[in-house]
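Thank you for making time this morning. I would like to walk you through one structure, moving from a single pair of residues out to the whole chain, and I will try to explain each step as we go.

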Amino acid sequence: MIEFFLCSLLTILPDYLYRRIAQGKRWGTDLTLFTVWYELRWGITSCLILTVSLITLIFYFHPSTTSVISYFRAITVMPEALGRVEAVYVRNGDFVKAGDKLFKLNADKPEAAAATAHASIAEIDATITVSGAELDNAEAVIDQAEAALEQTEDEFDRTNTLFERGSSAVSERDVERLQNVIDQREAAVEAAEAGLKAVKNKIEIQLPAQRASAVARLAEADTAIAKTTVYASVDGHMEQFALFPGDLVNPFVRPAGVLVPADSGENRFQAAFGQLTGRCCMKVCLQKSAACRALSRSIRWWSRKFRM
């Protein structure tokens with residue numbers, strides 16, 4: 001109605017003044033209720049076109065809607081794994097700060113895994129200590145095998161010298177026997193060296209790898225234990241939070257509650273507009289303060305116009 005009134009001031013009123021002043025037509029004689037539609041046809045047609053255009057532009061660039069809701073975001077409170085509630089530290093509607101404890105799940109399983117990892121680390125450390133003695137034993141075995149080989153080689157040299165000189169005290173059978181013993185002693189030395197290498201590899205490679213794996217399992221168990229306690233990620237209010245000790249919380253089925261941030265929903269609204277509005281207005285989040293300032297400026301402008 002306001003748009004039609006404003007448009008008539010620019011179309012129908014000038015047309016009427018032209019008929020009244022320029023053409024001398026008077027109301028009641030030349031301009032009646034039955035002839036005004038023909039006499040003011042240009043003004044009325046222009047007024048209708050201008051009114052429709054003005055309404056279209058207003059709804060396109062400055063739409064209005066009754067579908068407006070307060071815009072805010074909410075954070076779902078849930079643990080990263082399935083668990084049974086052991087302790088609850090807050091209640092529904094409480095204001096929490098970032099880092100505050102919300103609730104704690106039962107941690108028997110990860111604590112048992114941590115204890116197992118600790119035992120594995122202690123066992124590996126003990127094995128490393130025992131392997132030091134095995135290393136000393138392997139080195140002693142090598143020394144013993146090398147000493148036996150050296151003694152056999154000396155005996156072979158003496159016997160072989162006597163045999164080459166043609167002594168009747170030794171025979172060819174004695175020389176062959178000593179040669180076989182030397183081969184046995186050399187094999188024993190190689191076996192002792194292989195045993196020493198195996199012990200070194202066990203101490204330097206195998207046991208450190210096993211210990212690192214146990215430490216990783218311990219870190220994993222500690223992480224699982226830490227995840228059993230759920231903390232607030234931001235400052236806000238707890239909503240839909242009704243947990244009690246013994247409740248089962250499943251992150252895929254039953255979240256614990258909702259955390260509404262403290263700054264969520266302040267001075268913000270989410271509105272839905274019709275298809276006539278511009279695309280930029282289809283999904284818009286309005287600032288309440290900016291809208292209030294614009295409304296205040298508009299009221300002050302119209303007040304000055306009416307006072308004039």
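Let me begin with one pairing, in which Val77 has Gly257 as its bridge partner in strand β9. Please keep in mind throughout that this is a predicted model. The two strands concerned, β2 and β9, the latter covering residues 257-261, pair in the antiparallel sense over 3 bridges. They belong to an open sheet of 4 strands, and if you follow the order across that sheet you read β2-β9-β7-β4, with antiparallel pairing. At the edges you find β2 and β4, the latter being residues 95-96, and each of these edge strands pairs on one side only. For those of you who are new to this, strands of a sheet pair through backbone hydrogen bonds, and they may do so in a parallel or an antiparallel way.

Now that we have met Val77, let us ask which residues have the most contacts inside the largest nonpolar core. They are Val77, Val96, Leu102, Phe103, Met238, Phe241 and Leu243, in a core that has 15 residues. Strand β5 gives the largest share of this core, namely 3 residues. As background, nonpolar side chains tend to be buried together in soluble globular proteins. If we take Leu243 and leave aside its neighbours within four places in sequence, we find it in contact with Val85, Val88, Phe103, Val249, Arg254 and Ala256. There is also a second, separate core of 8 residues, and among them are Ile121, Ile124, Leu207 and Ala214.

Two members of the larger list deserve a closer look, and here a search of the whole structure finds 1 aromatic pair. The rings in question are those of Phe103 and Phe241, whose centres are 6.3 Å apart and whose planes stand at 40 degrees, so the pair is described as tilted. Why tilted, rather than stacked or edge-to-face? The label stacked is kept for planes under 30 degrees apart and edge-to-face for those over 60, so an angle that fits neither of these is called tilted. Phe103 lies in strand β5, whereas Phe241 lies in the loop between β7 and β8, so this pair ties together parts that are 138 residues apart in sequence. Both Phe103 and Phe241 are buried.

In that same loop, between β7 (236-239) and β8 (248-249), we also find Gln240. Gln240 has a positive phi of about 55 degrees, although it is not a glycine. Is Gln240 buried or exposed? With a relative accessibility of 65%, Gln240 counts as exposed.

Let us turn to charged side chains, where a search of the whole structure finds 4 salt bridges, and I will describe some of them. In one of them, the side chains of Lys227 and Glu80 meet at 2.9 Å, N to O. Lys227 sits in helix α6, residues 172-227, and Glu80 in the loop between β2 (75-77) and β3 (83-88), so the pair ties together parts that are 147 residues apart in sequence. Lys227 is partly exposed, at a relative accessible area of 41%, while Glu80 counts as exposed, at 60%.

Another salt bridge joins Glu86 and Lys104, with their closest N and O atoms 3.3 Å apart. Glu86 belongs to strand β3 and Lys104 to strand β5, residues 101-105, so this pair links parts that are 18 residues apart in sequence. Glu86 counts as partly exposed at 39% relative accessibility, but Lys104 is buried, with a relative accessible area of 17%.

A further one is formed by Arg211 and Asp125, whose closest N and O atoms are 2.7 Å apart. Here helix α6 holds Arg211 and helix α5, residues 108-164, holds Asp125, so the pair ties together parts that are 86 residues apart in sequence. Arg211 is partly exposed at 32%, and Asp125 is partly exposed as well, at 30%.

To finish, let us step back to the whole protein, whose secondary structure comes to 7 helices and 11 strands. Of its 308 residues, 25% are buried. Its accessible surface comes to about 21,000 Å², and 58% of that belongs to carbon and sulfur atoms. Among the contacts with a separation of 6 or more, 73% are between residues 24 or more positions apart.

Note on methods
Residues are numbered from 1 along each chain as its sequence is written. This is a predicted model: local features need pLDDT of at least 70, side-chain atom pairs count only at pLDDT 80 or more; totals for chains, interfaces and linings use all residues. Side-chain values use heavy atoms; hydrogens and water are left out. Buried means under 20% relative accessible area, exposed over 50%, partly exposed in between (1.4 Å probe, protein chains only). Contact means heavy atoms within 4.5 Å. Accessible areas come from the Shrake-Rupley method with a 1.4 Å probe; for residues, only the protein chains shown count as cover. A nonpolar core is a set of buried Ala, Val, Leu, Ile, Met, Phe, Trp, Tyr and Cys residues joined through side-chain atoms within 4.5 Å. Two strands pair if DSSP finds at least two bridges between them. Rings of Phe, Tyr and Trp (its six-membered ring) pair if their centres lie within 6.5 Å; planes under 30 degrees apart count as stacked, over 60 as edge-to-face and the rest as tilted.
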